[in-house]
Amino acid sequence: MSTVTFFFYLFSAIMIASAFMVITARNPVHSVLFLILAFVNAAGLFLLLGAEFLAMILVIVYVGAVAVLFLFVVMMLDVDFAELKQGFQRNLPFGVTVGGIVLVELAFCVAAWHLGAGTLGQTASPMPHGLTNTAALGRVLYTQYAYLFEASGLVLLTAMVGAIVLTLHHKQGVKRQIIAEQNARTAATAVELKKQPSRAGV
C-alpha cells in the first residue's frame with residue numbers, strides 16, 4: 001500500500017466516523033467539535049487531490065469561522081436539552097424511515113455505478129500545465145463562470161439582508177443617532193438660548 005493510499009483511507013475513515021458522531025453525540029458542543037474534525041480530514045483529502053486552495057479555504061472558512069461560530073452560539077444559548085429530548089422517541093419512527101429510504105437509494109447508486117473503459121484517460125488533469133491550482137481556479141471563476149459567481153454573491157447578499165430584517169427588533173424608548181438629522185441642523189436649531197435671571201438656578 002502506497003503512502004497516498006494509506007492517508008486516503010485514514011482521512012476517509014476518520015471523516016466518516018466524526019460525521020457519524022456529529023449526529024449521535026448527546027452534547028451539542030461535542031457535535032461541533034466532531035464537525036471541526038470532519039472538516040479537517042476533508043481538507044486532507046483535498047490536499048491528496050492536489051487542490052491545496054480548496055483545502056485551505058475549507059480550514060479557514062468552515063473551521064475558522066463557521067464551526068467556531070456554531071460552537072460559541074451553542075455555548076452561549078441556554079438550551080434546555082431535556083425538553084429537546086422529550087420528542088426524540090415520538091419522532092424516532094419517522095426518522096428511521098427517512099434514514100432507511102436514503103440508505104436504500106445510496107445502495108442503488110453504488111450498485112449501479114461502474115467505471116467505463118478509458119474513463120480515467122478522458123478525465124481532465126487536476127493540475128493544468130504551467131498554472132498552479134489557485135491560479136487555474138481563479139481563471140475559471142472570473143472568466144467562464146463570472147456571471148454565475150456574481151449571481152451566487154447576490155443570492156448570499158439577499159439571504160444576509162433577509163436574516164437581518166427578520167431578526168432586527170428596535171426597542172422603544174432608546175435614543176438613536178440619526179445622521180441625516182444631524183447633518184441638516186443649523187446654528188438656529190442646534191443652539192437654544194434662554195434668558196436666566198441673576199442668582200437663579202437653572
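**Close-up 1. Ser18, a buried residue of helix α1 in the predicted model.** Ser18 has 2% relative accessibility and therefore counts as buried, the limit for that class being under 20% relative accessible area. This serine belongs to helix α1, and when residues up to four places away in sequence are left aside, Ser18 touches Phe34, Leu37 and Ala38.

**Close-up 2. The nonpolar surface patch to which α1 and α2 contribute.** Val4, Phe6, Phe7, Phe8, Tyr9, Leu10, Ile14, Leu37 and Leu48 together form a nonpolar patch on the surface, with an area of about 770 Å². Helix α1, which spans residues 3–24, and helix α2 each provide at least two of the patch residues, and the largest share, 7 residues, comes from α1. Leu37 is one of the patch residues and is also among the residues that Ser18 touches.

**Close-up 3. Leu48, a patch residue in helix α2.** Leu48 is located in helix α2 and is a member of the nonpolar patch. Its relative accessibility is 33%, so Leu48 counts as partly exposed, a class that lies between the limits of 20% for buried and 50% for exposed residues.

**Close-up 4. Helix α3, its kink and its buried residues.** Helix α3 comprises the 25 residues 52–76 and reaches 34 Å from its first C-alpha to its last, which is close to the 36 Å expected at 1.5 Å a residue. The helix nevertheless carries a kink of about 35 degrees, centred on Tyr62. Buried positions in α3 are Ala55, Leu58, Val63, Ala67 and Leu71, and the buried residues of this helix pack against α2, residues 28–48. In an α-helix there are 3.6 residues a turn, so residues three or four places apart point the same way.

**Close-up 5. The setting of these views within the whole chain.** The chain contains 10 helices and 0 strands, so that every element in the run from the N terminus on is written as α. Buried residues account for 11% of the 202 residues, and Ser18 is one of the residues that count as buried. Among the contacts between residues at least 6 apart in sequence, 56% join residues at least 24 apart. The chain exposes about 17,000 Å², of which carbon and sulfur atoms supply 70%.

Conventions: Residues numbered from 1 in each chain as written. Predicted model: local features only at pLDDT ≥ 70, side-chain atom pairs only at ≥ 80, totals over all residues. Heavy atoms only, no water. Helix = DSSP H or I, 4+ residues; strand = E, 2+ residues; numbered from the N terminus. Expected span 1.5 Å × (residues − 1). Bend = angle between axes of the 7 residues up to and from the residue. Buried < 20%, exposed > 50% of the residue type's maximum accessible area, 1.4 Å probe, protein only. Contact = heavy atoms within 4.5 Å. Patch = residues over 30% accessible without salt bridge, like charges linked within 9 Å, V, L, I, M, F, W, Y side chains within 5 Å. Areas by Shrake-Rupley, 256 points an atom, 1.4 Å probe, with all protein chains shown as cover. Salt bridge = Lys/Arg side-chain N within 4 Å of Asp/Glu carboxyl O.
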